[in-house]
Amino acid sequence: MVGVLAAYAVGMAGAALAQDIAQLIAARVVQGAALAVVPLSMAIPREALTRQRLASAMGLVSGIAGAGAGLVVGGLLADRLSWRYLFVLGALPALISLGMVARCVPRGERAASGRLDVPGSLLLGLSLVAVLLALTQGPSWGWASAPVLGVAVSPYAVRALRTAAA
């Protein structure tokens, strides 16, 4: 969790300091990788809290994650000041959270079991790219065109083939 929050803060700082679109995209990629904080923020309470405290903690974590106030505040900041403030102010909660996690979250004693499903991860990534490609190119390529239909159904075809092979 500390590493993920540190990566997120670095991505935010990099985006705020970006001098061109390539630097901004690179910083946003780092931020995207740091979104592992979401499942970690759900997993840590399950490991660290008693059953009695778990429900309220999960409600709090879910509420904070889904608040959406950042969209309104972000729009005002970008409109009134500069888009760079979105990233500067986004880094502050990450740094505060980093300090709180380092101080308050107990270190895990157990090693993670299992292994990374590399083929599954690659298929998931390619499937997401295919669906997003179909959605973004549909208006210009035509919704009923062979390329759009092909990339739109490819995740389902891959899933069917993988299921049949298993």
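**Exercise 1. Find which residues of H2 are buried, and say how they are arranged around the helix.**

Step 1. The buried residues of helix H2 are Leu24, Ala27 and Gln31. Buried means under 20% relative accessible area, exposed over 50%, and partly exposed in between (1.4 Å probe, protein chains only). Helices (H or I, at least four residues) and strands (E, at least two) are DSSP runs, numbered from the N terminus.

Step 2. Look down the axis of H2: the buried residues fall within an arc of 65°, so they line one face of the helix. The arc is taken over the directions from the helix axis to the C-beta atoms. An α-helix has 3.6 residues a turn, so residues three or four places apart point the same way.

Step 3. Turn to the face away from the buried side. Ala22, Val29 and Ala33 are the exposed residues there.

This is a predicted model, in which local features need pLDDT of at least 70, side-chain atom pairs count only at pLDDT 80 or more, and totals for chains, interfaces and linings use all residues. Residues are numbered from 1 along each chain as its sequence is written, and side-chain values use heavy atoms, with hydrogens and water left out.

**Exercise 2. Identify the packing partners of H2, then those of glutamine 31.**

Step 1. Helix H1 (2–17) and helix H6 (84–104) pack against the buried residues of H2. Contact here means heavy atoms within 4.5 Å.

Step 2. Glutamine 31 sits in H2. Its relative accessibility is 4%, so it counts as buried.

Step 3. Set aside neighbours within four places in sequence. Glutamine 31 then contacts Tyr8, Gly11, Met12, Ala15 and Phe87.

**Exercise 3. Check the span of H2 and describe its N-terminal end.**

Step 1. H2 covers residues 21–33, which is 13 residues. The expected span is 1.5 Å times one less than the number of residues. From first C-alpha to last, H2 reaches 18 Å, close to the 18 Å expected.

Step 2. Aspartate 20 caps the N-terminal end. One of its side-chain oxygens lies 3.2 Å from the backbone nitrogen of alanine 22.

**Exercise 4. Place serine 145 and find what its side chain reaches.**

Step 1. Serine 145 lies in the loop between helix H7 (118–141) and helix H8 (146–165).

Step 2. Its relative accessible area is 16%, so serine 145 is buried.

Step 3. The serine 145 side chain reaches the backbone oxygen of tryptophan 141 at 3.3 Å.

**Exercise 5. Set these details in the whole chain.**

Step 1. The chain has eight helices and zero strands.

Step 2. Of its 166 residues, 20% count as buried.

Technical notes. Polar contact = N/O pair within 3.5 Å; in protein donor to acceptor, adjacent residues only side chain to side chain.
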